[in-house]
Amino acid sequence: MAVLHLLRVFFTGAHRPPREVNWIFGVVMLLLILGANFTGYLLPWDQLAFWAITVGTSLVSYIPFVGDQIGSLLLGGPEVTGATLLNFYSLHISFIPLSLVILMSLHFWRVRKDGGLTVPRDIGEAPIERPTRVTTIPHLVRREAVWALAWIAIIITFSVFVAAPLEGIADPNVSPNPAKAPWYFMGIQELLLHFHPFVAAIVIPTVALAGIFALPFIDHSKEHEGIYFRSKRGRSLAVMATGFSLIMTSAWVVADDRFFDWTNWLANWPTIISNGFIPLALVVMALALLDLWIDRVLKGTLEERILFLFTFAVVALIVLTVIGVFFRGPGMELFWPWDMPAAH
Ligand code: HEM
C-alpha cells in the first residue's frame, strides 16, 4: 500500500516543493515498513522465517568495512539465533511502530501545512470545480472509522477461516533449496545472480534510494501539478518506459543466465570488476542511451526524462521481483512456474 501511495504521489507530481519534506518523511516510513515486515517475518520461527532472514541479513555483510559489525549487531551474533529472535521482536513491537506513529503524525500535519492534497491548478478559462470544504469531524473521521472497522472485520474473518501456513521449526542444519529472501527483497536477490554482491546488494540499492530521496530536489517543476503522468505526452512516455523495461529487463535476465560469462571471459580480473562494474556500466549505458534519445530526439523536458527513467526503474524492479519469486527454483535456476520442481 505504501508503494502504491508513493507511485500515486510521484505520478501526480505531489512530491515536488512545497511537499519535499513530506516526501522524505514518506520514504523514511517506507523503510520502516520494510523493517517492520522484515523483523516480523522471523517471528513465526519456522524454516521459512529462519532461512528468509538468514538470506536477507546476509546482504548486510556486503557493506564495506562495517558490514559484519552491523550484521552481528542486528542478529545479536554472527548468525540467526534466539538472540536474533529477541532483537527482531523488540524492534517489531517497540521502536518501529513507535517511530511510525510519530512519523505518521508529522506526515498528516505536513499534508495540511503544505496546502492539502495536490490538485490540478486552474488554467485560464475553464476553472476546475473544487468540492465544497467540510470539517474533519465528523466527515473525515467518520469515514475513516468505518473503513478501519470494515478492514479489521475482514482481516479477522479471513484469519478465522484461513490458517496461516507454518513450516517445520527453524533448523539451522537443514537449508531449503532454493532459500529465498522475503518477496519484497527478491528483486535484490535476483540482482545478486547477475552482479558481484557489492554491486547488487550495496551500489544499486544505495543509488536507487538516494535517487528516491533526491527526487523532489531534481524534479521540481511547477508544471502539471496534480495531473497523472503530467500530460498526454507524459502518459505515452510512461507507457513506452513500461514496454521497454518489460522487454529489456527480462531479456537481460535470460541473456545473462544463458550467454554472459564475465567471470570466465575476464578470468584475470577481480570479480568485483569483471562481474560487477562492467555489467553495471553496460546497464547504465543502455539507460543513458534511452535518456539521450528522449532528450535529443523526442525533445523531452527534464520532468519527462525523469518520468521515463522512474517508470522504467519501477517496472524493472517489478520484473526482477516476479522472476525471483515465480521463476527461480532449486539452485536458483530459471524454470517456467508450471514446470517448477518442488523445493527440497
Ligand atoms: C505509513 C505509510 C504512509 C501513510 C500512512 C501515508 C499517509 C498519507 C495520507 C493519508 C496522505 C493524504 C492522502 C493521500 O495523499 O492519499 C498522504 C499524503 C502524502 N504522502 Fe503519504 N503516507 C505514507 C507513506 C508515504 C510514502 C512512502 C511517501 C513517498 C515517499 C509519501 C508521500 C506523501 C506525500 C508527498 C503526500 C502529499 C500528497 C499530495 O499533496 O497530494 N507518503 N500520505
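How much space lies in the second largest pocket? Keep that in mind while you get oriented. The model on screen is a predicted one.

**Stop 1: the whole chain**

Show the protein chain as a cartoon. Its secondary structure comes to twelve helices and zero strands. Step from the N terminus onward and every element in the run is an α. Now switch to the C-alpha trace. Along its principal axes it spans about 70 × 55 × 45 Å. The chain has 344 residues, and 33% of them count as buried.

**Stop 2: the second largest pocket**

Back to the opening question. The second largest pocket holds about 2,300 Å³ of space. Select Phe108, Val111, Leu117, Leu140 and Glu144 to find its centre; of the 44 lining residues, these are the closest to that point.

Next, colour four helices: α1 (2–11), α2 (20–42), α5 (82–113) and α6 (136–161). Each of them supplies at least two residues of this pocket's lining. Which helix gives the largest share of the lining? That is α6, with eight residues.

Colour the lining by residue class. You should count 23 nonpolar, twelve polar and nine charged residues.

**Stop 3: along α6**

Stay with α6 and select Pro138, which sits in this helix. The peptide bond that joins Ile137 to Pro138 is cis, with omega at about 10 degrees.

Now select Ile152, Ile156, Phe158, Val160, Phe161 and Val162 and turn on the surface. Together they make a nonpolar surface patch of about 660 Å². Pick out Phe161, another residue of helix α6. Is Phe161 buried or exposed? Its relative accessible area is 68%, over the 50% cut-off, so Phe161 counts as exposed.

**Stop 4: the cis bond between α1 and α2**

Move to Pro18, in the loop between α1 and α2. A cis peptide bond joins Pro17 and Pro18, and omega is about 10 degrees here.

**Stop 5: the cavity**

Keep Pro17 selected; it also belongs to the lining of the largest cavity. How many cavities of 30 Å³ or more does a search of the whole structure find? The search finds one. The largest cavity has a volume of about 40 Å³.

To outline the cavity, add Gly13, Arg16, Arg19, Thr118, Ser221, Lys222, Glu223 and Glu225 to Pro17. By class, this lining has one nonpolar, three polar and five charged residues.

**Stop 6: salt bridges**

Arg16 leads to the next feature. It is linked with Asp219, Arg230 and Glu303 in a network of salt bridges. Show those four side chains as sticks. Side chains of opposite charge can pair when their charged atoms come close. Across the whole structure, a search finds twelve salt bridges.

Three pairs deserve a click.

- Asp114 and Arg110: their side chains meet in a salt bridge at 2.7 Å, N to O. Both residues are buried.
- Asp257 and Arg258: this salt bridge is 3.6 Å, N to O. Asp257 is partly exposed, at 34% relative accessibility, whereas Arg258 is exposed at 54%.
- Asp295 and Arg296: the closest N and O atoms of this salt bridge are 3.7 Å apart. Asp295 is partly exposed at 23% relative accessibility, and Arg296 is exposed with a relative accessible area of 54%.

**Stop 7: two positive phi angles**

Select Phe229, in the loop between α8 (197–218) and α9 (232–258). Its phi is near 60 degrees, a positive value in a residue other than glycine. Phe229 is partly exposed, with a relative accessible area of 23%.

Then go to Met332, in the segment after α12 (302–326). Met332 is not a glycine, yet its phi is positive, at about 55 degrees. Is Met332 buried or exposed? Met332 has a relative accessible area of 13%, under the 20% cut-off, so it counts as buried.

**Selections to save**

- The pocket centre: Phe108, Val111, Leu117, Leu140 and Glu144.
- The nonpolar patch: Ile152, Ile156, Phe158, Val160, Phe161 and Val162.
- The salt-bridge network: Arg16, Asp219, Arg230 and Glu303.
- The cis bonds: Pro17 to Pro18, and Ile137 to Pro138.

Notes. Residues are numbered from 1 along each chain as its sequence is written. This is a predicted model: local features need pLDDT of at least 70, side-chain atom pairs count only at pLDDT 80 or more; totals for chains, interfaces and linings use all residues. Side-chain values use heavy atoms; hydrogens and water are left out. On a 1 Å grid over the protein atoms alone, a cavity is a set of points where a 1.4 Å probe fits but cannot get out, and a pocket is an open set with protein on both sides within 12 Å along at least five of seven lines; lining residues have an atom within 4 Å of a point. Grid points are joined across faces, edges and corners, and a volume is the space filled by probe spheres set on the points. Ala, Val, Leu, Ile, Met, Phe, Trp, Tyr, Cys and Pro count as nonpolar, Asp, Glu, Lys and Arg as charged, and the others, Gly among them, as polar. Patches are made of residues with over 30% relative accessible area and no salt bridge: like charges are joined within 9 Å, nonpolar side chains (Val, Leu, Ile, Met, Phe, Trp, Tyr) within 5 Å. Accessible areas come from the Shrake-Rupley method with a 1.4 Å probe; for residues, only the protein chains shown count as cover. Buried means under 20% relative accessible area, exposed over 50%, partly exposed in between (1.4 Å probe, protein chains only).
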